[in-house]
Amino acid sequence: QPIAGLAHASPHTRPCPEISDDLWIRTGILRVLEESASGRAFLQQHGTRLETTPKLSNYFSCLHSPRRGEVLQDVGEAILGLVTASDTNRLAHLPELDGYVCFAIDMHWHQSASHDQRFDGKKASVGHSFSLNLRDQGLRHLAAAEGEHEHDMSLMGRLKPKGLRQGVPKGPRVLVVYDRAGIDYDFWNRCRKETGVYFLSRSKSNLVFTLDQVREWERQDTRNRGVLQDQWVTTPQGHRLRLIDYRDPETGREFQFLTNVPEVPPGVLAELYRRRWELEKVFDEVKNKLGEQKAWASSQEARTNQGRLVALSVNLLLLYERRLEATHGLRNEAEDRRRGKRARQVERLARAAGRPLSVVLLRARAATQRSVKLIRWLRSALIHKFTEGPALLDLRRLYATP
């Protein structure tokens, strides 16, 4: 329902007698939701559920169409607006981040398409760069990787600082949380100066710094538990950065975090980097629950459109799950109990080891991916064309059982 009329409202839409833009997008969402080995298999198994079953040639020509991609991009941005408007703020307890829009960005890889080019006799995996808003959990597809195995920094260079800002209006800063593959001092400096985009990453073991100044931090702030040291350092290229030494109270493992964020408490930044794992959980949802493990086609435009449809489908699932809770009081109670039990166990182990947890680690965490129960239930309801009322009775039963 949320996408109704959005394709028609796009300035890039055009009438097409074979398959309308709206129908093509709904077809793409259906393919993401259903586990189909190929485009042929999808149309054969599920095409009859659509009011007009696309011909195979039309289906693939649409997938390769740059114009359709622009329409899809417009629809995806409109749905991201609905996700943001839902007033979910998973960083509300960290007020020092109020001036930042925080994104976790990473590469997600899956199998090549059937007719992909071979490199040295082998097909290369297909990569996509995705961004997860750590406040509202909205997922955005940034770009599809090019060539044999494009490096993260090459792809970010193509996006440019403006692309990494992701449409955030002037005012707030943007904080990108990336793994160690995203460290590039010159690029970080350029992003900060041109568009107010800052970075947080784990440091690499072979990096060399000169100590400038040891920073003081509030040791009584329980959010800073685990912080060993916070200091300003200078790189051989002359860039001034913060280097934070941190021991995870849960595991006892030590980490170094590198950032150009000037004023946020070190324990808050350590927690924010931990939240990067939420994007990995979304990748797990896409790959193992939705079954998106293979490229649909070989062209760059088709790969980009596949990534956009994946992000759109994940965001629609997120909106629907929130609607189920807000309107019908439906929550995955069994999963909530499991997460609560795990959190209590972690706290006991940390205290027994003499490492009391940070107050932010003691907070109850909401789910970061949709459950396989919800996805299977939705597939069944769509296939059998159940009305929502009777179908919700079955979902309530599923949610209440382990």
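Two strands are taken to pair if DSSP finds at least two bridges between them. In this predicted model, strand E1 (residues 100-110) and strand E4 (residues 126-133) meet that criterion, pairing in the antiparallel sense over 8 bridges. Within this pair, Ala-104 has Leu-132 of E4 as its bridge partner.

Both strands belong to an open sheet of 9 strands, in which the order is E5-E4-E1-E6-E7-E11-E10-E9-E8 and the pairing is mixed. The edges are formed by strand E5 (139-144) and strand E8 (210-214); each has a single partner strand, so one side of each is left without a neighbour in the sheet. From one strand to the next, the twist averages 30 degrees.

Helices accompany this sheet. Helix H6 (residues 152-165) packs on the sheet and touches E1, E4, E5, strand E6 (173-177) and strand E7 (197-202). The direction of H6 makes about 130 degrees with that of E5. Helix H9 (residues 277-289) lies across E1, E4 and E5, and runs at about 40 degrees to E1.

Two packed helices are described by the angle between their axes and the distance between the axes. For H9 and helix H10 (residues 300-328), the axes come within 11 Å and cross at roughly 105 degrees. Angles of 65 to 115 degrees count as roughly perpendicular, and H9 is therefore roughly perpendicular to H10. On the H9 side, the contact is made by Val-282, Glu-285 and Val-286, and on the H10 side by Val-310, Val-314 and Leu-317. By class, these residues comprise 5 nonpolar, no polar and 1 charged.

Helix H10 also packs against helix H14 (388-400). The angle between H10 and H14 is about 95 degrees, and their axes lie 13 Å apart; H10 is thus roughly perpendicular to H14. From H10, the residues in contact are Tyr-320, Glu-321, Arg-323, Leu-324 and His-328, while H14 supplies Glu-388, Leu-392, Leu-395, Arg-396 and Tyr-399. The contact of H10 with H14 has 5 nonpolar, 1 polar and 4 charged residues.

Another helix pair is found towards the beginning of the numbering, where the axes of helix H2 (residues 21-33) and helix H3 (residues 39-46) come within 11 Å and cross at roughly 100 degrees. H2 and H3 are therefore roughly perpendicular to each other. Thr-27, Leu-30 and Arg-31 of H2 make the contact with Gly-39, Phe-42 and His-46 of H3. In this contact, 2 residues are nonpolar, 3 polar and 1 charged.

The empty spaces of the model were also examined. The count comes to 3 cavities of 30 Å³ or more. In the largest cavity there is about 50 Å³ of space. Its lining consists of His-108, His-110, His-128, Phe-130, Val-286, Glu-292, Gln-306, Gly-307 and Val-310. The elements that give two or more residues to this lining are E1, E4 and H10, and H10 gives the most, with 3 residues. By class, the lining of the largest cavity has 3 nonpolar, 5 polar and 1 charged residues. Val-286 and Val-310, which are among the lining residues of this cavity, also take part in the contact of H9 with H10.

The second largest pocket holds about 990 Å³ of space. This pocket is lined by 27 residues, of which Gln-1, Pro-2, Leu-33, Leu-378 and Leu-382 lie nearest its centre. Two or more lining residues come from each of H2, H10, helix H13 (372-383) and H14. H10 gives the most to the lining of the second largest pocket, with 6 residues. The lining of the second largest pocket divides into 17 nonpolar, 3 polar and 7 charged residues.

Helix H10 thus recurs in the description: H10 is in contact with H9 and with H14, and gives the most residues both to the lining of the largest cavity and to that of the second largest pocket.

Notes:
Residues numbered from 1 in each chain as written. Predicted model: local features only at pLDDT ≥ 70, side-chain atom pairs only at ≥ 80, totals over all residues. Heavy atoms only, no water. Axes fitted to C-alpha atoms, helices over the stretch in contact; angles between N-to-C directions. Helix = DSSP H or I, 4+ residues; strand = E, 2+ residues; numbered from the N terminus. Parallel < 35°, antiparallel > 145°, perpendicular 65-115°, else oblique. Contact = heavy atoms within 4.5 Å. Nonpolar A, V, L, I, M, F, W, Y, C, P; charged D, E, K, R; others polar. 1 Å grid on protein atoms, 1.4 Å probe; cavity = no way out; pocket = protein on both sides within 12 Å on 5 of 7 lines; lining within 4 Å. Points joined across faces, edges and corners; volume = space filled by probe spheres on them.
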